[in-house]
Amino acid sequence: MIIRNLSEPEIETARQLCFTAFEANIDGAASPAASADRILHQPKTRMHRDYRNTLAAFDENGSMQACVSHCLCPVYFDGNTAQMAAVGDVAALPACRGKGVMKALFSTLLNRLHQQQIPFSYLYPFSGTYYAQYGYSYCVKHNQWTLSLASLPAFPEKGSIRLWNPSLQKPVQEIYEQFCSHINLAVRRESIEWLHAIGQFEPSTDHIFTYVYFDEADEALAYMTYQKKQTQQGNVMFCREFFYKNLHGLKGLLNFCRSRKAYYESVCFSLPESVPLELILSEFQLPRLQPAEIRQRMHGMVRVIDPKAALSLASFSGNGQLSLWLTDSLLPQNTGMWQITWEHGRAVSIRTPASPCCAERTEAETDMSLDIGLFSRLLCSGISAQGLALLPEETIRCKNEAILSCFPLKTADVFEYF
């Protein structure tokens, strides 16, 4: 088996492989050739723009058997900017599944990224169990809210709503950046993300609408992008984007939604788990049986690739020290004892398994044992005392306070579909 990057003429072959493996047309393209042409000449996502990063596995006859794509995204992380490898188009022909081909692809990809000192990787799984074997872990939880427009209160905000046009791009970008700047793993969007999120759509033909809320002082405070979805309960304003700068912006958007109640039954949007939206809502169950619905769902999986790079960017609580025994089957250089010392919420010393003081230590001598998947989840979103109680007792050999200080609760979310 040979593993290497695609050449440009092989992009169509890779798309054929993906169409076959997924047993469906993908990317809205009618054929692999159309998909390849779009990637080469009109990419609308970072993944497609950087498609030559795709790794493929070939048999001894040079026939492509599997592929995996990735692109590097700048993301927010604990007040810093980190690099995250977004992974997609994970595809293998049925005849070669179960033969270690995909494991070899992921091993090659992750080792290359480790050499580049990339802290994180992220993907959307078809199976959490499958990707857990490569070190990925669920980390992000979304609350998807569906609210009856008839149940929304009339808030006192008296601003105005404008349909998005290119002249509003800067204020829209500022809204997104303010909302996401304290959310771990949220992508620091560049022009390619904005094209995919908003700029590619023509409201009159695509029927996907972006509206921006301005307050009475003419400051842009919030925006939403939605399309109509027809359900048994009626028309739904289904939001692809829903961001705001402050409470006035949030209420302004909800007022706009309420104004559409003659045309829609409800609005549906997602917010990070940490946003207690119920605090501003007065009605959850109407007499005509139109309840508000809150669906919580896991939203993608994260993996730390280079623990030292990730820890150097991380925030902690107060001062402390913790020794960890990490296990990473695909990146054995990560396996062993890690000792972290932090002061005033930032790491001042990170000793790796290669450090003299760690190299000869055993797992039993460390404060905590965890695999790379659990470490990834804890570093990005933290853990509570209640969560610690669910971990196996034999993995913890220190006081809970030290772990809670090392992994304080944080908000993590990703709003891109790569």
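Start with α1 and α2, whose crossing is right-handed (for a right-handed crossing, the near helix is turned clockwise from the far one by less than a right angle; anticlockwise would be left-handed). Before you click further: this is a predicted model, where local features need pLDDT of at least 70 and side-chain atom pairs count only at pLDDT 80 or more, while totals for chains, interfaces and linings use all residues. Residues are numbered from 1 along each chain as its sequence is written, and side-chain values use heavy atoms, leaving out hydrogens and water. Helices (H or I, at least four residues) and strands (E, at least two) are DSSP runs, numbered from the N terminus.

**Stop 1: the helix pair**

Select residues 11–22 for α1 and 32–41 for α2; the two pack at about 130 degrees, with their axes 8 Å apart. Axes here are lines fitted to C-alpha atoms, for helices over the stretch in contact, and angles run from 0 to 180 degrees between N-to-C directions. That makes α1 oblique to α2 (angles under 35 degrees count as roughly parallel, over 145 as roughly antiparallel, 65 to 115 as roughly perpendicular, and the rest as oblique).

Now show side chains. On the α1 side, the contact is made by Ile11, Glu12, Arg15, Gln16 and Phe19; on the α2 side, by Pro32, Ala33, Ser35, Ala36, Ile39 and Leu40. Contact means heavy atoms within 4.5 Å. Colour these residues by type and you get seven nonpolar, two polar and two charged.

**Stop 2: the sheet next to α1**

Stay on α1 and bring up β3 (64–77) and β4: the helix lies across both, running at about 70 degrees to β4. Widen the view to the open sheet of seven strands, ordered β1-β2-β3-β4-β5-β14-β6 with mixed pairing. Two strands pair if DSSP finds at least two bridges between them. At the edges sit β1 (2–5) and β6 (137–138), each pairing on one side only.

Zoom in on β1 and β2 (residues 55–58), which run antiparallel and are joined by four bridges. Arg4 stands opposite Ala56 there.

Next, select β4 (residues 80–92) with β5: again four bridges, but these strands run parallel. Ala85 stands opposite Ser121 of β5. Is β5 covered on one face or both? Both: Phe120 and Tyr122 on one side, and Ser121 and Leu123 on the other, are all buried (buried is under 20% relative accessible area, exposed over 50%, partly exposed in between, with a 1.4 Å probe and protein chains only).

Step back to Gln117, in the loop between α4 (101–115) and β5. Its phi is near 60 degrees, a positive value in a residue other than glycine. Gln117 is exposed, at 58% relative accessible area.

For another helix on this sheet, select α12 (residues 372–381), which lies across β3, β5, β6 and β14 (301–304) at about 100 degrees to β14. Then pick Ile372 and Ala132: these residues are 240 apart along the chain, yet their C-alpha atoms are separated by 9.5 Å. Ala132 lies in helix α5 (residues 128–132) and is partly exposed, with 42% relative accessible area.

**Stop 3: the other sheet**

Now go to the open sheet with the order β8-β9-β10-β11-β12-β7-β13, seven strands with mixed pairing. Its edge strands are β8 (160–163) and β13 (293–298), each paired on one side only. Neighbouring strands are turned by 25 degrees against each other on average, direction ignored.

Pick β9 (residues 208–214) and β10 (residues 220–231), an antiparallel pair with seven bridges. Tyr223 in β10 is the bridge partner of Val212. Helix α6 (residues 169–180) packs on the sheet, touching β9, β10, β11 (234–244) and β12 (266–272), and its direction makes about 90 degrees with that of β10. Then add α9 (residues 247–259), which lies across β8, β9, β10, β11 and β12 at about 35 degrees to β10.

In the loop between β9 and β10, click Asp218. Asp218 has a positive phi of about 70 degrees although it is not a glycine, and it is partly exposed at 47% relative accessible area.

**Last stop: Ser266**

Which residues does Ser266 touch, leaving aside its neighbours within four places in sequence? Thr146, Leu147, Ser148, Leu149, Asn235, Val236 and Met237. Ser266 is found in β12 and counts as buried, at 10% relative accessibility.

Definitions and conventions
Ala, Val, Leu, Ile, Met, Phe, Trp, Tyr, Cys and Pro count as nonpolar, Asp, Glu, Lys and Arg as charged, and the others, Gly among them, as polar.
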